[in-house]
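Here's a quick briefing on one helix pair and on the empty space in this structure. Have a look at the fold first, then read on.

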Amino acid sequence: MMAVKPASPTGGDDGDESSSSRPAPRIVIGLDTHFIAREALTLAARLAASVDARLRGIFVEDENLLSLSALPFAREISLSGDVRGLNPDRMLRAMQAQADSARRILLRAAADAHVDCSFAVLRGRPLAALAAAANAEDTVVLRSPHATAREVGRTARAATRDARADVLLVARGVGLGGAFPSAAGGSARPLTAIDDGSSGGEACAAFAETLARRSATPFRRILARGHDVADVAAAARRIGAGLLVVNADWLGGDDDAALLSAAAGCPVLLLGGERAPLSPKS
């Protein structure tokens, strides 16, 4: 994903692939208008600035909600307590209005981070649609407070092992402050690499160390050989890690990634393939 590329703050739609044969690196995030989603977007924008990637916002029209709205017995209750039947056209219009709001939020976040951005609307299941849209040059940001750890883990596995994309995973209840300093400055918690003793783990640690330098963030390394997810999460929490970087192949079960993020109390960046070292930021 992390080939270095200059970026400029624009807001084009869909034109985010390079004219060269190699696609431009992107940070891909699913958008909605909730406050916690905005925090994740801010983190994604700061990551994009740190690795000279473009920011790609995707709003997914949830096909399950659209199917539900077509059922004759489906009802919605307004904040005032009014009950009325659901209507597919009205549901779609509401989604389109949310998409417009999400696009404006994306543009503000990209401008604040001084990165280029683009926006797209897809239809499907939100987590699966993000994984299906990923390629090997992407980092997919996964944050789904209503999904189970296993559902999130399966999506992460599909992105990292099938598409060989990277995944920035934010588990339910995890704080995002301190993962990267803001453009205005401020302290950051240590960016921490999990070195599992393999060649992939060593490449992961080298990548993370350079990313820490580029983002002016303290760097730490956790040696994971002979330790399980709980051990590593406990070590990360002891040192106050703000972001964990790990070789995705080190993880075992589908729910390990989400459990690692939740237990460590910070986002986890899963590398889907060995990455060439980042060049120092000029």
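Keep in mind that this is a predicted model. H7 passes H8 in a right-handed crossing. Beyond that pair, there's a pocket of about 930 Å³ and a cavity of about 100 Å³ to look at.

**The H7/H8 pair**
- H7 covers residues 229–238 and H8 covers residues 256–264; their axes sit 8 Å apart, at an angle of about 30 degrees.
- Angles under 35 degrees count as roughly parallel, so that's the label H7 and H8 get.
- On the H7 side, the contact uses Val-229, Val-232, Ala-233, Ala-236 and Arg-237, while H8 brings Asp-256, Leu-260, Ala-262, Ala-263 and Ala-264.
- Eight of these contact residues are nonpolar, two are charged and none is polar.

**The largest pocket**
- The largest pocket holds about 930 Å³ of space.
- It has 32 lining residues, and Asp-32, Asp-62, Pro-126, Ser-144 and His-146 are the closest to its centre.
- Elements that each give at least two residues to this lining include strands E2, E3 and E7 and helices H1 and H3.
- The pocket lining splits into 19 nonpolar, seven polar and six charged residues.

**The largest cavity**
- Just one cavity of 30 Å³ or more turns up, with a volume of about 100 Å³.
- H5 gives the largest share of its lining, five residues, and H8 supplies at least two.
- Among the lining residues are Arg-157, Arg-161, Asp-254 and Asp-256.
- By class, this lining has five nonpolar, three polar and four charged residues.

Technical notes: Residues numbered from 1 in each chain as written. Predicted model: local features only at pLDDT ≥ 70, side-chain atom pairs only at ≥ 80, totals over all residues. Heavy atoms only, no water. Axes fitted to C-alpha atoms, helices over the stretch in contact; angles between N-to-C directions. Helix = DSSP H or I, 4+ residues; strand = E, 2+ residues; numbered from the N terminus. Parallel < 35°, antiparallel > 145°, perpendicular 65-115°, else oblique. Left-handed = near helix turned anticlockwise from the far one by under 90°. Contact = heavy atoms within 4.5 Å. Nonpolar A, V, L, I, M, F, W, Y, C, P; charged D, E, K, R; others polar. 1 Å grid on protein atoms, 1.4 Å probe; cavity = no way out; pocket = protein on both sides within 12 Å on 5 of 7 lines; lining within 4 Å. Points joined across faces, edges and corners; volume = space filled by probe spheres on them.
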